[in-house]
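Please open the model in a viewer and keep the sequence panel visible. The tour below proceeds by selection, one stop after another.

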Amino acid sequence: MFAYDERLGIRLPALERAWEEYSEKEQYDILLEWEKIRGAIPDRIAELEQTINQKQAELSDESDFARSCRLNAEIAELASIINDLWIWYRLNQTVSAKLHQ
């Protein structure tokens, strides 16, 4: 019910049928698993931020223009991943509310 997303570094929902077609137990299990995954997103973001900081430190000492461009591109991609992770994290804040109903 979840598939690993290489780019984001987390598992994302990959439902094979409409939500309503799952039993209440299956829905609960899916929501519970997602809540565990969602809870790890801030740690994943922290890892990526650390990598960005390392690349920015390299960039500040880099005199090779081509290497500077590559570092900038890598930093931009990491920032994009962080943005996508925050979107997944925020879009699904209602999950915990559903679990506790």
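Begin with the buried side of helix α2: select Ser68, Leu71, Ile75, Leu78, Ile81, Ile82 and Leu85, which are the buried residues of this helix. Bear in mind throughout that the model is predicted. Display β2 (10-13) and α1 as well, since these are the elements against which the buried residues of α2 pack.

Now show α2 in full, residues 65-91. The helix comprises 27 residues, and the distance from its first C-alpha to its last is 39 Å, close to the 39 Å expected at 1.5 Å a residue. Move next to the start of α2 and select aspartate 64 and alanine 66. There, a side-chain oxygen of aspartate 64 comes to within 3.0 Å of the backbone nitrogen of alanine 66.

The next stop is the nonpolar core. Which residues have the most contacts inside the largest nonpolar core? Select Leu8, Ile10, Trp34, Ile41, Leu48 and Leu85, which hold that position in a core of 17 residues. At least two residues of this core come from each of β2, α1 and α2. The greatest contribution is that of α1, which provides seven residues. As a general background, nonpolar side chains in soluble globular proteins tend to be buried together.

From the core, centre the view on isoleucine 41, which lies in helix α1. Is this residue buried or exposed? Isoleucine 41 is buried because its relative accessible area is 0%, which is under the 20% cut-off. To see its surroundings, add Ile10, Trp34, Leu85, Trp88 and Tyr89: these are its contacts when neighbours within four places in sequence are left aside. For a sense of scale, place a distance label between the C-alpha atoms of isoleucine 41 and lysine 55; the two residues are 14 residues apart along the chain, and the separation is 21 Å.

Next, select arginine 38, also a residue of helix α1. Arginine 38 counts as buried because its relative accessibility is 8%, again under 20%. What does its side chain reach? Display the backbone of tyrosine 89: the arginine 38 side chain reaches the backbone oxygen there at 2.9 Å. Tyr89 was already on display as one of the contacts of isoleucine 41.

Finish at glutamine 27, within helix α1 (residues 24-60). With a relative accessibility of 19%, glutamine 27 is counted as buried, because the cut-off is under 20%. Select Trp19, Glu20 and Tyr22 to complete the view; glutamine 27 is in contact with these residues, its neighbours within four places in sequence being left aside.

Terms used. Residues are numbered from 1 along each chain as its sequence is written. This is a predicted model: local features need pLDDT of at least 70, side-chain atom pairs count only at pLDDT 80 or more; totals for chains, interfaces and linings use all residues. Side-chain values use heavy atoms; hydrogens and water are left out. Helices (H or I, at least four residues) and strands (E, at least two) are DSSP runs, numbered from the N terminus. Buried means under 20% relative accessible area, exposed over 50%, partly exposed in between (1.4 Å probe, protein chains only). Contact means heavy atoms within 4.5 Å. The expected span of a helix is 1.5 Å times one less than its number of residues. A polar contact is a pair of N or O atoms within 3.5 Å; within protein, one must be able to donate a hydrogen and the other to accept it, and residues adjacent in sequence count only if both atoms are side-chain atoms. A nonpolar core is a set of buried Ala, Val, Leu, Ile, Met, Phe, Trp, Tyr and Cys residues joined through side-chain atoms within 4.5 Å.
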